[in-house]
Amino acid sequence: MHIYVTGATGFIGSAITEELRRRGHEVTGLARNERSAEALLKAGAKVHRGNLADPDGLISIAGRVDGIVHTAFDHDFSRYVESCEADGRLLEAMARALRGTSKTLVAASTTSVAAGEPLLTEQEPAHPQVPRSASESFLSFAEEGVRTAVVRLPPTVHGAGDRAFVPSLIALARERGVSAYIGGGANRWPAVHRKDAARLFCDAVEQSLPGARYHGVAEEGIAFRTIAEAIGQGLGVPVESIPPDRAEKHFGWLAMFVALDMPASSEGTRSLTGWAPREGRLLESLHDAGYFAE
């Protein structure tokens, strides 16, 4: 198949591009600059120029490919709600471009779209009040001839090259001289390695089950205190509990995520696809993938 990948040079997207190529698929990646274009060509992919600010140009390739994998997202958390709304609009535009074609559209979502469940399963729809739920609204186009699917990812997609939540927590702990958690730190974060996540995206493309929700979850829920303790050990700094009323002052923009309890299961995904994690766990990655290097 010929698959168009947005975010194809990103942390997860580059692993998806590599895995699709390994499976024999042709890949065209979205490139917003020359550096991204060079990286795509080096990876054996073709290049489509565009950016998130120009949806029409970004999806003009839709008629020439067999499917789309969308992982690009604006991670400016100072305008998080706007970024989520823009992602929802872009996915709707992609789905409209593919309407009636039986082509595949697989997008990245997050386990936080339904945080608060005792254990989030694939059957639970996104909660409308959660901003990132906008990234799942396009699933309804399964009724209009598009093979839509989402892969929900944990906040801790880990591995070499990670620049997301855990590296931000490490940087904060290094800056403040303390690795912190909120209250008792019993709230849980699921986790997955980027290569395992990439294999699931490729499985979703190849199986093309309309309206499917997949969970890229290797570890159902790691207590946040455990993560904080691993960071403290890795940096050689103390580990402390922060009361909830001081969380925003200490964590800044991270506070809204640090407090979340969002254990998630991938039992349905494993049963449906045969997917199973192969790579190391989060705490292993912290020590093996250069997380504490300055």
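What follows is a chat between a trainee and a mentor about this predicted model.

Trainee: Let's start inside. Which residues have the most contacts within the largest nonpolar core?

Mentor: That core has 33 residues. Several elements feed it with at least two residues each, including helix H4 (80-98), strand S9 (188-193) and helix H7 (224-235). The residues with the most contacts inside it are Leu-169, Trp-189 and Phe-251.

Trainee: And which element gives the largest share of this core?

Mentor: Helix H5 (165-176) is one of the elements that supply at least two residues, as are strand S8 (179-182) and helix H11 (282-288). The largest share is six residues, and the element behind it is H5.

Trainee: Leaving aside neighbours within four places in sequence, which residues is Leu-169 in contact with?

Mentor: Recall that Leu-169 is listed with Trp-189 and Phe-251 for the most contacts inside the core. Both of those turn up as partners of Leu-169 itself. The full set is Trp-189, Phe-224, Ile-231, Phe-251, Leu-254 and Val-258.

Trainee: How many residues does the second, separate core have?

Mentor: Ala-8 and Ala-37 belong to that one, and so do Val-157 and Ala-212. The second core is separate from the first, and its count is 31 residues.

Trainee: On to the rings. What kind of aromatic pair do Tyr-80 and Phe-257 form?

Mentor: A ring pair is described by the distance of the centres and the angle of the planes. For Tyr-80 and Phe-257 that's 5.8 Å centre to centre and 85° between the planes. Planes over 60 degrees apart fall in one class, and so this pair is edge-to-face.

Trainee: How many residues apart in sequence are the parts that this pair ties together?

Mentor: Tyr-80 is buried at 11% relative accessible area, and Phe-257 is buried at 7%. Tyr-80 sits in helix H4 and Phe-257 in helix H9, so the parts tied together are apart in sequence by 177 residues.

Trainee: What about Phe-165 and Trp-189: what sort of pair are they?

Mentor: Phe-165 counts as buried at 11% relative accessibility, and Trp-189 does too, at 0%. Their ring centres are 6.1 Å apart with the planes at 70°, so the pair is edge-to-face.

Trainee: Which elements hold Phe-165 and Trp-189?

Mentor: The two parts are 24 residues apart in sequence, and the ring pair ties them together. Phe-165 lies in helix H5, while Trp-189 lies in strand S9.

Trainee: Which residue lies over the face of Phe-73?

Mentor: Phe-73 belongs to a cluster linked by ring pairs, along with Tyr-80, Phe-165, Trp-189, Phe-224, Trp-253 and Phe-257. At 4.0 Å from the ring centre of Phe-73 there's a residue lying over its face, and that is Arg-132.

Trainee: Now the strands. Is strand S5 (104-110) mostly covered or mostly open?

Mentor: Thr-104, Val-106, Ala-108 and Thr-110 point one way, and Leu-105, Ala-107 and Ser-109 the other, yet all are buried. That's seven of its seven residues, and S5 is mostly covered.

Trainee: Which strands run parallel to S5, and over how many bridges?

Mentor: On one pairing, Ile-68 stands opposite Leu-105 in S5; on another, Thr-110 has Leu-153 as its bridge partner. S4 is joined to S5 by four bridges, and S6 by seven bridges.

Trainee: What is the handedness of the crossover from S4 to S5?

Mentor: The chain goes from S4 through H4 to S5 as a β-α-β crossover. Its handedness is right-handed.

Trainee: Elsewhere, what handedness does the unit of S2, helix H2 and S3 have?

Mentor: S2 (residues 26-31) and S3 (residues 46-49) pair in the parallel sense over four bridges, with Thr-28 opposite Lys-46. Helix H2 (residues 34-42) completes a β-α-β unit with them, and that unit is right-handed.

Trainee: Last one: is Glu-136 buried or exposed?

Mentor: Glu-136 sits in the loop between strand S5 and strand S6 (147-153). Its contacts beyond four places in sequence include Ser-109, Arg-152 and Arg-213. With a relative accessible area of 6%, Glu-136 is buried.

Terms used:
Residues are numbered from 1 along each chain as its sequence is written. This is a predicted model: local features need pLDDT of at least 70, side-chain atom pairs count only at pLDDT 80 or more; totals for chains, interfaces and linings use all residues. Side-chain values use heavy atoms; hydrogens and water are left out. A nonpolar core is a set of buried Ala, Val, Leu, Ile, Met, Phe, Trp, Tyr and Cys residues joined through side-chain atoms within 4.5 Å. Buried means under 20% relative accessible area, exposed over 50%, partly exposed in between (1.4 Å probe, protein chains only). Contact means heavy atoms within 4.5 Å. Two strands pair if DSSP finds at least two bridges between them. A crossover is right-handed if, with the strands pointing away from the viewer, the path from the first strand over the helix to the second runs clockwise. Rings of Phe, Tyr and Trp (its six-membered ring) pair if their centres lie within 6.5 Å; planes under 30 degrees apart count as stacked, over 60 as edge-to-face and the rest as tilted. A charge sits over a ring if NZ of Lys or CZ of Arg is within 6 Å of the ring centre and within 35 degrees of the ring normal.
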